[in-house]
Amino acid sequence: MGTTLSLVVPSGPLTLGNLLGAIRNWSGEQRGPETLYGVADLHALTLEHDPAAVRRLTMEQVALLIAAGLDPDRCTIFVQSQVPLHCELHWLLEATAYDGELRRMIQFKEKSAKQASVRSALLAYPVLMAADILLYGVDAVPVGEDQRQHLELARDLAIRFNSRYGETFVVPRAVTPAVGARVMDLQDPETKMSKSAALAAPGVIRLLDPPDVVRRKITRATTDNGTDVVYDPATKPGVSNLLSIIAACTDTRPEEIATGIGSYRQLKECCADAVLSVLTPLRQRYATIAADPGYLAGVLRHGAELAASLGSPTLARAKAAIGLVPA
Ligand code: AQP
């Protein structure tokens with residue numbers, strides 16, 4: 001396996017969906033410095049944002065990644081803006097991308113339609129994402145449906161750059177992500193649980209929610225008509241979501257869990273217990289890590305150095321190929 005890269009965007013406090021769907025898998029994939037994980041803070045600037053919140057969430061997310069099992073001795077942990085190579089390569093790729101292809105991106109169309117004024121960073125963000133990937137020569141990129149078009153753009157840019165200026169980038173390919181649980185909003189089980197939902201959203205469990213808040217959110221989760229506890233996402237999305245959450249927390253299958261539960265009330269109690277059995281130790285580890293800002297700063301300094309040393313040969317090749325004079 002080659003270099004891998006997975007980032008979270010500090011667009012809100014991390015959720016149970018981020019943990020069970022992604023971060024938990026990452027801790028089993030650590031194979032040394034070429035497995036890179038981090039916080040993509042530059043990507044949090046594309047929509048209206050609060051600077052203090054981005055700053056705080058960035059450090060919170062780094063501490064949570066470590067609390068969830070990422071080990072700075074077995075992988076590279078970094079903050080995107082602390083590795084200036086991302087921005088340098090981004091500009092070279094801006095000079096490779098066409099305005100028309102960026103305006104065709106579905107996410108740009110959807111997100112810009114909701115804004116009174118649209119930041120040009122919203123248009124450019126898939127090019128920065130391409131820079132994130134191409135910088136490290138990532139070959140296989142696990143992407144869900146919503147990111148597939150952006151990965152296609154990264155491929156197109158790599159191919160165009162290589163054919164115009166000479167072989168420079170590994171052309172990445174999309175691979176299906178390792179199947180983690182897809183966690184749905186507890187109040188609207190047909191919609192993904194999202195960290196950028198309103199802070200007080202009652203259907204979103206945040207990793208740092210106190211235990212009583214977690215229990216209350218689960219107790220108030222939307223269930224479905226009828227009283228049967230069966231796993232059937234098509235007809236029983238609310239019940240099935242709770243069963244999937246229990247299954248992901250206890251490493252079992254949702255169908256198996258369903259056979260042992262007789263009522264919606266019991267289902268919710270069981271779900272709250274399962275979620276707290278995962279979140280309580282996570283919160284304790286987080287508290288220890290967050291209490292030591294010197295440790296976190298050291299991890300990030302080391303991570304930024306490692307990331308820069310991994311990315312600099314590609315950036316140097318790209319700068320020379322496109323016509324910039326070497327320093
Ligand atoms: N509800 C979810 N269930 C399973 N996996 C999820 N992920 C996100 N939500 C769920 C996975 O978490 C990883 C990091 O996500 P990201 O920071 O790239 O943002 P995202 O995918 O756009 O997730 P969010 O939480 O919904 O953020 P916002 O609200 O900013 O869009 C990814 O691997 C993602 O699949």
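The expected span of a helix is 1.5 Å times one less than its number of residues. The exercises below apply this and related rules to a predicted model.

**Exercise 1. Helix α9**

Task: Determine how the reach of helix α9 stands against its expected span, and state whether the helix is enclosed or open to its surroundings.

Solution.
- Step 1. Helix α9 covers residues 237-250, which makes 14 residues.
- Step 2. From first C-alpha to last, α9 reaches 20 Å, close to the expected 20 Å.
- Step 3. Buried means under 20% relative accessible area. Of the 14 residues of α9, 13 are buried, so the helix is largely enclosed by the rest of the structure.
- Step 4. S244 lies in α9 and counts as buried because its relative accessibility is 17%. Leaving out residues up to four places away in sequence, S244 touches Y231 and P254.
- Step 5. After the helix comes D251, with a positive phi near 55°.

**Exercise 2. The interface of the two domains**

Task: Describe what domain 1 and domain 2 bury between them, and which residues of domain 1 supply the most of its share.

Solution.
- Step 1. The domain assignment places 4-181 and 292-322 in domain 1, and 211-288 in domain 2. Their C-alpha centres are 32 Å apart.
- Step 2. Contact involves 11 residues of domain 1 and 10 residues of domain 2.
- Step 3. The size of an interface is often given as the accessible area lost when the parts come together. Here the two domains bury about 890 Å² between them, with 74% of it on carbon and sulfur atoms.
- Step 4. L16, R24 and A67 supply 47% of the area that domain 1 buries against domain 2, more than any other three residues.
- Step 5. Across this interface there are 0 salt bridges, while 2 residue pairs are in polar contact. On the side of domain 1 that touches domain 2, α1 (16-27) and α2 (51-67) each supply at least two residues.

**Exercise 3. Two residues of one loop**

Task: For E190 and L208, decide whether each is buried, partly exposed or exposed, and name their contacts beyond four places in sequence.

Solution.
- Step 1. E190 is in the loop between β5 (173-175) and α8 (211-219), and L208 is likewise in the loop between β5 and α8.
- Step 2. Exposed means over 50% relative accessible area. E190, at 63%, is therefore exposed, and L208, at 25%, is partly exposed.
- Step 3. Beyond four places in sequence, E190 touches M184 and P237, and L208 is in contact with E60, L64, R283 and Y286.
- Step 4. The C-alpha atoms of L208 and T280 are 9.0 Å apart, although 72 residues separate the two along the chain.

**Exercise 4. Salt bridges**

Task: From the 12 salt bridges of the structure, examine the pairs D273 with R215 and R253 with E256.

Solution.
- Step 1. A salt bridge needs a Lys or Arg side-chain nitrogen within 4 Å of a carboxyl oxygen of Asp or Glu. D273 and R215 satisfy this, with their closest N and O atoms 2.8 Å apart.
- Step 2. This pair links distant parts of the chain, with D273 in helix α11 (residues 264-290) and R215 in helix α8, 58 residues apart.
- Step 3. D273 is partly exposed at 44%, and R215 is partly exposed at 35%.
- Step 4. R253 and E256 meet at 3.5 Å, N to O. Salt bridges that share partners join R253, E255 and E256 into one network.

Terms used: Residues numbered from 1 in each chain as written. Predicted model: local features only at pLDDT ≥ 70, side-chain atom pairs only at ≥ 80, totals over all residues. Heavy atoms only, no water. Helix = DSSP H or I, 4+ residues; strand = E, 2+ residues; numbered from the N terminus. Buried < 20%, exposed > 50% of the residue type's maximum accessible area, 1.4 Å probe, protein only. Domains from an automatic or database assignment. Contact = heavy atoms within 4.5 Å. Buried area = accessible area lost by both parts, 1.4 Å probe. Polar contact = N/O pair within 3.5 Å; in protein donor to acceptor, adjacent residues only side chain to side chain.
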